[in-house]
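Please open the model in your viewer and keep the selection panel at hand for the stops that follow.

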Amino acid sequence: MKKFAFVVLALLFIAGSAWATPIYQGNPYAPLGTGNSAFPDFNDPNFKGAGYYIWANNAARTSWSVRWTGREIDGSYGRYDWRGYVAYSVDGIDSLDMVLWEGNDGSASIMFSDMITFGQAKAGPHWDGFDFTVSGQGGDYLTFMLGSTLFDLSNLDRGIYLGADYEFVLDNVDSVADFAGSNGRQRQFEAAAPVPEPGTLLLLGAGLTGLGYIRCRKKA
C-alpha cells in the first residue's frame with residue numbers, strides 16, 4: 001500500500017513538473033524609465049530586433065514596463081499583431097498607462113485588480129506598450145502570457161527579452177515546459193514581483209536569530 005501511494009505521488013510530481021510554467025530567474029531591472037520615451041534603443045548593440053521587451057523600473061519590482069516592436073535588427077520590419085495578458089498572483093495591480101499606441105490601435109485594461117489584458121495592437125518599426133504598477137509582498141509573482149503573429153514553433157529562440165541587457169527569457173528560466181502555446185503564437189512565463197527589500201530581509205533575519213536564541217535558552 002505504501003509503495004502504491006509513493007508511485008502515485010511520484011507520478012503526480014512528474015506530471016506537475018512537466019506542465020509547470022517556466023519561472024524567470026534573472027534580474028529584470030533596467031534604468032529605461034516609463035512613458036513615451038522609455039524603450040530600448042535600436043542602435044544599442046544589445047538590441048535583439050522584433051519582439052517584446054520587459055523591465056522592472058525599481059529594485060522592489062513594483063513598477064514594470066512592457067514594450068513591443070516589429071523592427072528587425074537588420075533594419076527591415078513587418079507589421080505583427082500583439083496581444084496577451086499579465087496576471088498578478090494577488091489583487092494588487094494599482095495603475096496602467098498605455099504608451100506609444102498608434103491611434104485607435106487596440107486597447108489595454110485592468111480586470112479584477114489582478115490582470116492586464118491587451119490586444120489588437122500592431123507595432124511595425126515603432127514601439128507600443130504599457131507601464132503598470134503593483135503592490136504586494138515578497139513571494140507574489142506575475143504571469144506573462146504574450147502572443148504575437150511574429151511567433152511560431154520554429155523560432156522559440158527569439159521574441160521576449162528582459163532587463164537592461166535584453167536577456168532572452170529562455171536563458172534565465174528553470175525549464176522550457178509550457179513556454180510556447182500549442183500553435184506557437186504565445187509565450188508564457190512567471191517572474192517574481194515584488195521582491196523583499198534589504199530592510200525586510202534584515203528584519204526577517206533578526207527575527208529568525210531571536211527565535212533561535214529563545215529556543216537555545218529553553219533547551220538550556
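Contact here means heavy atoms within 4.5 Å. This is a predicted model, in which local features need pLDDT of at least 70, side-chain atom pairs count only at pLDDT 80 or more, and totals for chains, interfaces and linings use all residues. Residues are numbered from 1 along each chain as its sequence is written, and side-chain values use heavy atoms, with hydrogens and water left out.

Begin by selecting glutamate 167, which, leaving aside neighbours within four places in sequence, is in contact with Tyr24, Ile160, Tyr161, Leu162 and Asn172. With tyrosine 24, the side chain of glutamate 167 makes a polar contact of 3.3 Å (a pair of N or O atoms within 3.5 Å; within protein, one must be able to donate a hydrogen and the other to accept it, and residues adjacent in sequence count only if both atoms are side-chain atoms).

Next, select tryptophan 68 and phenylalanine 118, whose ring centres are 4.9 Å apart with planes at 15°, so the pair is stacked (rings of Phe, Tyr and Trp, the last by its six-membered ring, pair if their centres lie within 6.5 Å; planes under 30 degrees apart count as stacked, over 60 as edge-to-face and the rest as tilted). Extend the selection to the cluster linked by ring pairs, whose members include Tyr52, Tyr80 and Phe151.

Finally, select arginine 187, whose charged end sits over the ring of phenylalanine 151, 4.4 Å from its centre (NZ of Lys or CZ of Arg within 6 Å of the ring centre and within 35 degrees of the ring normal), and then arginine 71, placed likewise over the ring of phenylalanine 42 at 4.3 Å from its centre.
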